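Welcome! Please take a moment to look over the sequence and the 3D view before reading on.

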Amino acid sequence: VTSPMNGYRYRAVINGTCAPDAISNPALLTIREKPEITLQPTSQTVCENDNTQFTVNPGVTTAPSFQWQYSSDNGSTWNPVPADAQHSGGTTNTLSITGALPTMNTWQYRVVVSGTCAPQVTSNAAILTVSQRPEITVQPVDAEICEDDNTAFTVNAGVTTGVTYQWQVSTGGPFSNIFGGIYSGENTAILNITGAPSTMNGYLYRVIVGGICTPTVTSNTAILTVNQKPEVTVH
């Protein structure tokens, strides 16, 4: 029996030696659709604390019911999605994620669709990727050197996803981006200064940390102190 036959009506016509024919009452054929999935859930990428959804389409499944599951170990084990602050709609066709936590990164989600008929069907697994916003866990610190010596300023951006760096300097006015010269690593976590002249005494340094997510964060300001070596200006 195929699903297009749903709603067909049947009756019997009985005839014999005598007339007229006898016609039965009509009988209705109802065909219940087995569980199916016509649209699979798709993987989602969000920034931490943002929201997203996973959706499935059960097609023409008769009386569909849903149970979303998650796996935090790359699909080795699956458990029903809990009704907590981060999850809602775990028994509907749309699972909502509210305020995704960094710890949920790489979690997988799938849904089991049941109905009036058996067997139930399980969707493909969709992956939740949670990108972490820019952060600074270790600030650059002041440096004190003698003229013509080398030094470096360092920052730690923690677990920022897709981290980028832009070091800046203030020579007494607004901060401006650093490009080359006696500097190297201006787009890394470590800004190197080679052969600092005494004229750089009191320069201020900071770094802007960016990433896949917004907003960027700006570090504390670090001061460069350049002490002058002994000299004789009048003999």
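What follows is a short tour of strands, cores and aromatic rings.

This is a predicted model. Its strands include two open sheets, one in the order β6-β10-β9 and one in the order β15-β19-β18. Its largest nonpolar core has 22 residues, and the structure holds 5 aromatic pairs.

**The sheet with β6, β10 and β9**

- This open sheet is made of 3 strands in the order β6-β10-β9, with antiparallel pairing.
- Strands β6 (52–55) and β9 (87–88) each have a single partner strand, so they stand at the edges and one side of each is left without a neighbour in the sheet.
- Strand β6 is joined to β10 (residues 94–97) by 4 bridges, and the two run antiparallel.
- To find this pairing in the view, look for T55, which stands opposite T94 in β10.

**The sheet with β15, β19 and β18**

- Here, too, 3 strands form an open sheet, in the order β15-β19-β18, and the pairing is antiparallel.
- The edge strands are β15 (151–154) and β18 (183–184), each of which pairs on one side only.
- Over 2 bridges, β18 pairs with β19 (residues 190–193) in the antiparallel sense.
- A handy place to look is S184, which stands opposite N192 in β19.

**Strand β20 and its partners**

- Strand β16 (residues 164–170) runs antiparallel to β20 (residues 204–210), and 7 bridges join them.
- Within that pairing, V169 has Y205 of β20 as its bridge partner.
- Strand β20 also pairs with β22 (residues 222–227), in the antiparallel sense and over 2 bridges.
- Y205 appears again here, with A222 in β22 as its bridge partner.
- A further antiparallel pairing over 2 bridges links β20 with β21 (residues 217–218), where I208 has T218 as its bridge partner.
- The connection from β20 to β21 is a hairpin through 6 residues.

**Nonpolar cores**

- In soluble globular proteins, nonpolar side chains tend to be buried together.
- In the largest nonpolar core, of 22 residues, those with the most contacts inside it are F153, Y183, I193, M200, Y205 and L224.
- The elements giving two or more residues to this core are β14 (143–146), β16, β19, β20 and β22.
- L224 touches several residues beyond four places away in sequence, among them A143, I145, F153, I193, M200 and Y205.
- A second, separate core has 19 residues, including V46, F66, A100 and L128.

**Aromatic rings**

- Among the 5 aromatic pairs is that of Y8 and Y10, which is tilted, at 6.5 Å centre to centre and 45 degrees between the planes.
- Are these two rings buried or exposed? Y8 counts as partly exposed because its relative accessibility is 42%, and Y10 counts as partly exposed at 41%.
- The rings of Y183 and Y205 have centres 6.0 Å apart and planes at 65 degrees, so this pair is edge-to-face.
- That pair links distant parts of the chain, with Y183 in strand β18 and Y205 in strand β20, 22 residues apart.
- Both Y183 and Y205 are buried.
- Ring pairs also bring F153 into a cluster with Y183 and Y205.
- One more ring to visit is that of F175, where R206 lies over the face at 4.0 Å from the ring centre.

Methods:
Residues numbered from 1 in each chain as written. Predicted model: local features only at pLDDT ≥ 70, side-chain atom pairs only at ≥ 80, totals over all residues. Heavy atoms only, no water. Pairing = 2+ DSSP bridges. Core = buried A, V, L, I, M, F, W, Y, C linked by side-chain atoms within 4.5 Å. Buried < 20%, exposed > 50% of the residue type's maximum accessible area, 1.4 Å probe, protein only. Contact = heavy atoms within 4.5 Å. Phe/Tyr/Trp six-rings, centres within 6.5 Å; stacked < 30°, edge-to-face > 60°. Lys NZ or Arg CZ within 6 Å of the ring centre and 35° of its normal.
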